[in-house]
Amino acid sequence: MIASVLPTYNRAPFSFVKGEGAWLIEADGRRFLDLGAGIAVNVLGHANPALTEALTEQAGALWHTSNLYEIPQQKALADKLVDATFADTVFFTNSGTEACELAVKMARKYWYEKGVPERVDIITFSGSFHGRSSAGIAAAGSEKMTKGFGPLLPGFVHLPFAEHDGVAPAITDKTAAVLVEPIQGEGGIIPLPDQCLKGLRDLCDEHGILLILDEVQCGVGRTGKLFAHEWAGIEPDIMMVAKGIGGGFPLGCVLATENAASGMAAGTHGSTYGGNPLGCAVGNAVMDIVNTPEFLSEVNRKSGSLRQKLEGLVAAHPDVFDFVRGQGLMMGLKCKATNMDVVQAAYDQDVLTVPAADNTIRLLPPLNITDAEIAQAVDRLDKAAKSLSD
Ligand SMILES: *Cc1c(COP(=O)(O)O)cnc(C)c1O
């Protein structure tokens, strides 16, 4: 008999009743050090007092009104994002997938309104992940995500990731945009080299097409900058954000330049919940904490120490681990052992990590994890690795 919860996930047999910072606690008191943070979502850890206060204060006043009316919390968060980034305008969603839907629609509408309706194609890359909607799976294109869900949304051109020379020849007079993750998350924490991202920006400028970045996983302070593309010194035309921006509340958004958003007049897009007062109250609190030089420099400092410790871990267990990759507190351990075995061995040491493609495990801790917790996390991963070598 089918489970009452649609069985699309292979779940680990843990259930948590409480969270405290970087810790998740089961009913019997077993405490796990959480290096997954709900898949890069809980950027300020679990039960963060500032976020709890923002949420409960708003919950006591007003939850939801719809986008038929002005929403001051939404405007405040949009202003913060516009002030902090390349963007001139923001649309709020409830997830990364919905952000992908709008990014694709916006790029196509841009060309339609420019009188070039045949420019509909969006270039995407192997190993990418853009969500599970029909547009999201068509964008990613992998058989794992698309098989059985045809007919797929047309208009996506799939190229190998980080093979820069292949991009220019693929741009045609049907190309609307290029869509890429600055660091592939689900794909295995694979950074796009800065010169590739710069090169994509140059190519898009040369051909007058739009650059869409998917920063759903790598954004919101995760890499030690507010957004990962800042490391490459470039700016996109459109950017998808979600996961971290709500700190655990379902919230996402699309950021765009005035030019890229020029086709999106009143009535062209909408969302019932997107940007409601409750979600935006939390989003504002996240931004107020994460988008400060002090917070981001701490992410970078801690990232340096985590990386150094992980390099040591790999050196100590060459049969289990191959190498470390990633940036900031978005680290991947490419495994030689089977990654699920490593994730399981870490569970046995009360550490939560997240598997990814390319036989990788992901470390995406809360950005406010402490130095002591980082040291403890790597100690426990060391024990986990030892248990696999025995
Ligand atoms: C998680 C993710 C998405 C999808 O976000 P949801 O909130 O699950 O819809 C899209 N792109 C990237 C890069 C992601 O990591």
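Me: Helices here are DSSP runs (H or I) of at least four residues, numbered from the N terminus. With that settled, which helix gives the most to the lining of the second largest cavity?

Reply: In this predicted model, helix α12, which covers residues 371-389, gives the most to that lining, with four residues.

Me: And how much space lies in that second largest cavity?

Reply: The second largest cavity holds about 40 Å³ of space, and its lining is made up of Leu-35, Leu-306, Pro-365, Ile-369, Ile-374, Ala-377, Val-378 and Leu-381. By class, that lining has eight nonpolar residues, with no polar and no charged ones.

Me: OK, how many cavities of 30 Å³ or more does the structure hold?

Reply: There are two cavities of 30 Å³ or more in the structure, and the largest of them has about 50 Å³ of space.

Me: Which residues line the largest cavity?

Reply: Its lining consists of Phe-125, Ala-162, Glu-163, His-164, Val-167, Val-180, Leu-192, Cys-196 and Leu-200. Sorted by class, the lining of the largest cavity comes to seven nonpolar residues, one polar and one charged.

Me: Back to α12 for a moment: at what angle do α10 and α12 pack?

Reply: Helix α10, residues 293-316, packs with α12 at an angle of about 15 degrees, and the two axes are 10 Å apart. Because angles under 35 degrees count as roughly parallel, α10 is described as roughly parallel to α12. In handedness, the crossing of α10 past α12 is right-handed.

Me: Which residues of α10 meet which residues of α12?

Reply: On the α10 side there are Arg-301, Lys-302, Ser-305, Leu-306, Lys-309, Leu-310 and Leu-313, and on the α12 side they meet Asp-371, Ile-374, Ala-375, Val-378, Leu-381 and Asp-382. The residues of this contact divide into seven nonpolar, one polar and five charged. Leu-306, Ile-374, Val-378 and Leu-381 from this contact also appear in the lining of the second largest cavity.

Me: New topic, helix α9. How do the axes of α2 and α9 cross, and within what distance do they come?

Reply: Helix α2 (residues 49-61) and helix α9 (residues 277-290) have axes that come within 9 Å and cross at roughly 155 degrees. Since angles over 145 degrees count as roughly antiparallel, that is the description given to α2 relative to α9, and their crossing is right-handed.

Me: Which residues make that contact between α2 and α9?

Reply: From α2 come Ala-50, Leu-51, Ala-54, Leu-55, Gln-58 and Ala-59, while α9 supplies Pro-277, Leu-278, Ala-281, Val-282, Ala-285, Val-286 and Ile-289. The contact of α2 with α9 divides into twelve nonpolar residues, one polar and no charged.

Me: And for α3 with α9, is the crossing left-handed or right-handed?

Reply: The crossing of α3 and α9 is left-handed, with axes that come within 8 Å and cross at roughly 35 degrees. The contact is made by Gln-73, Gln-74, Ala-76, Leu-77, Lys-80, Leu-81 and Ala-84 of α3, together with Pro-277, Cys-280, Ala-281, Gly-283, Asn-284, Met-287 and Asp-288 of α9. By class, the contact of α3 with α9 has eight nonpolar residues, four polar and two charged. Pro-277 and Ala-281 of α9 take part in the contact with α3 and also in the contact with α2.

Me: What about pockets: how much space lies in the second largest one?

Reply: About 630 Å³ of space lies in the second largest pocket, which is lined by 26 residues, and those nearest its centre are Asn-67, Gln-74, Val-90, Phe-91 and Phe-92. Two or more residues of that lining come from each of α3 (72-84), β4 (89-93), α4 (96-113) and β12 (252-256).

Me: Which element gives the largest share of that pocket's lining?

Reply: β4 does, with four residues, and the lining as a whole has 15 nonpolar, nine polar and two charged residues.

Me: Last thing, backbone details. Is the peptide bond from Gly-150 to Pro-151 cis or trans?

Reply: The bond is cis, with omega near -5 degrees, and Pro-151 sits in the loop between α6 (143-146) and β6 (156-159).

Me: And what is phi of Val-220?

Reply: Phi of Val-220 is near 60 degrees, which is a positive value in a residue other than glycine, and Val-220 lies in the loop between β10 (210-214) and β11 (238-241).

Notes:
Residues are numbered from 1 along each chain as its sequence is written. This is a predicted model: local features need pLDDT of at least 70, side-chain atom pairs count only at pLDDT 80 or more; totals for chains, interfaces and linings use all residues. Side-chain values use heavy atoms; hydrogens and water are left out. On a 1 Å grid over the protein atoms alone, a cavity is a set of points where a 1.4 Å probe fits but cannot get out, and a pocket is an open set with protein on both sides within 12 Å along at least five of seven lines; lining residues have an atom within 4 Å of a point. Grid points are joined across faces, edges and corners, and a volume is the space filled by probe spheres set on the points. Ala, Val, Leu, Ile, Met, Phe, Trp, Tyr, Cys and Pro count as nonpolar, Asp, Glu, Lys and Arg as charged, and the others, Gly among them, as polar. Axes are lines fitted to C-alpha atoms, for helices over the stretch in contact, and angles run from 0 to 180 degrees between N-to-C directions. Angles under 35 degrees count as roughly parallel, over 145 as roughly antiparallel, 65 to 115 as roughly perpendicular and the rest as oblique. A crossing is left-handed if the near helix is turned anticlockwise from the far one by less than a right angle, and right-handed if clockwise. Contact means heavy atoms within 4.5 Å.
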